[in-house]
Amino acid sequence: TRPLLHRGVRCDACGEDVEGIRWKCSVCRDFDLCEGCEAGGEHGHDDHAFLRITTPNTAWRFARGGCPRRRNKPKHASKEPRPVMADILGLLQSEDVLAALR
C-alpha cells in the first residue's frame, strides 16, 4: 500500500508532495519536511523541534481545537478552553523542552 498523502503540503527541501510522515517545524512559520529530507537533516537549524504528523489533517485538527468529528460535546464537558496550535507550539518552544531535546 502507498503511504498517506498530506494534500497541499510540499517538502520545503526537495519540493515533492509529502507522503507518509510529515515533519513540521515548531519554530518556523511554514516549514515542512518529508521523511527522507528530515532524516538527512535538511532543515539547517539543529535547535528546532519538529512535530511528527502521521495522519493527514492532524495539524488542522489541533488548530481548530480538536477532532472535527466530535461536534456535540457532552453537557459535563469542561468549560476550560482547549489548546490550539499556538499553545502547543509555545510549549514545544519553551526552554525546558528545548533543553531536554539537546
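Two exercises with worked solutions on a predicted model follow. Residues are numbered from 1 along each chain as its sequence is written, and side-chain values use heavy atoms, with hydrogens and water left out. In this predicted model, local features need pLDDT of at least 70 and side-chain atom pairs count only at pLDDT 80 or more, while totals for chains, interfaces and linings use all residues.

**Exercise 1.** Determine whether His6 is buried or exposed, and describe its surroundings.

*Solution.*
1. His6 is found in strand S1 (residues 5-10); strands are DSSP runs of E with at least two residues, numbered from the N terminus.
2. The relative accessible area of His6 is 2%, so this residue is buried (under 20% relative accessible area, 1.4 Å probe, protein chains only).
3. The side chain of His6 reaches the backbone oxygen of Gly20 at 2.8 Å.
4. Leaving aside neighbours within four places in sequence, the contacts of His6 include Val18, Ile21 and Pro56 (contact: heavy atoms within 4.5 Å).

**Exercise 2.** State the strand order of the open sheet and identify the bridge partner of Trp23 in S5.

*Solution.*
1. The order is S4-S3-S5, with antiparallel pairing; two strands pair if DSSP finds at least two bridges between them.
2. Strand S4 (32-33) and strand S5 (50-53) are the edge strands, each pairing on one side only.
3. Strand S3 (residues 22-25) is joined to S5 by 4 bridges.
4. Within S5, Arg52 is the bridge partner of Trp23.

Terms used: Buried means under 20% relative accessible area, exposed over 50%, partly exposed in between (1.4 Å probe, protein chains only). A polar contact is a pair of N or O atoms within 3.5 Å; within protein, one must be able to donate a hydrogen and the other to accept it, and residues adjacent in sequence count only if both atoms are side-chain atoms.
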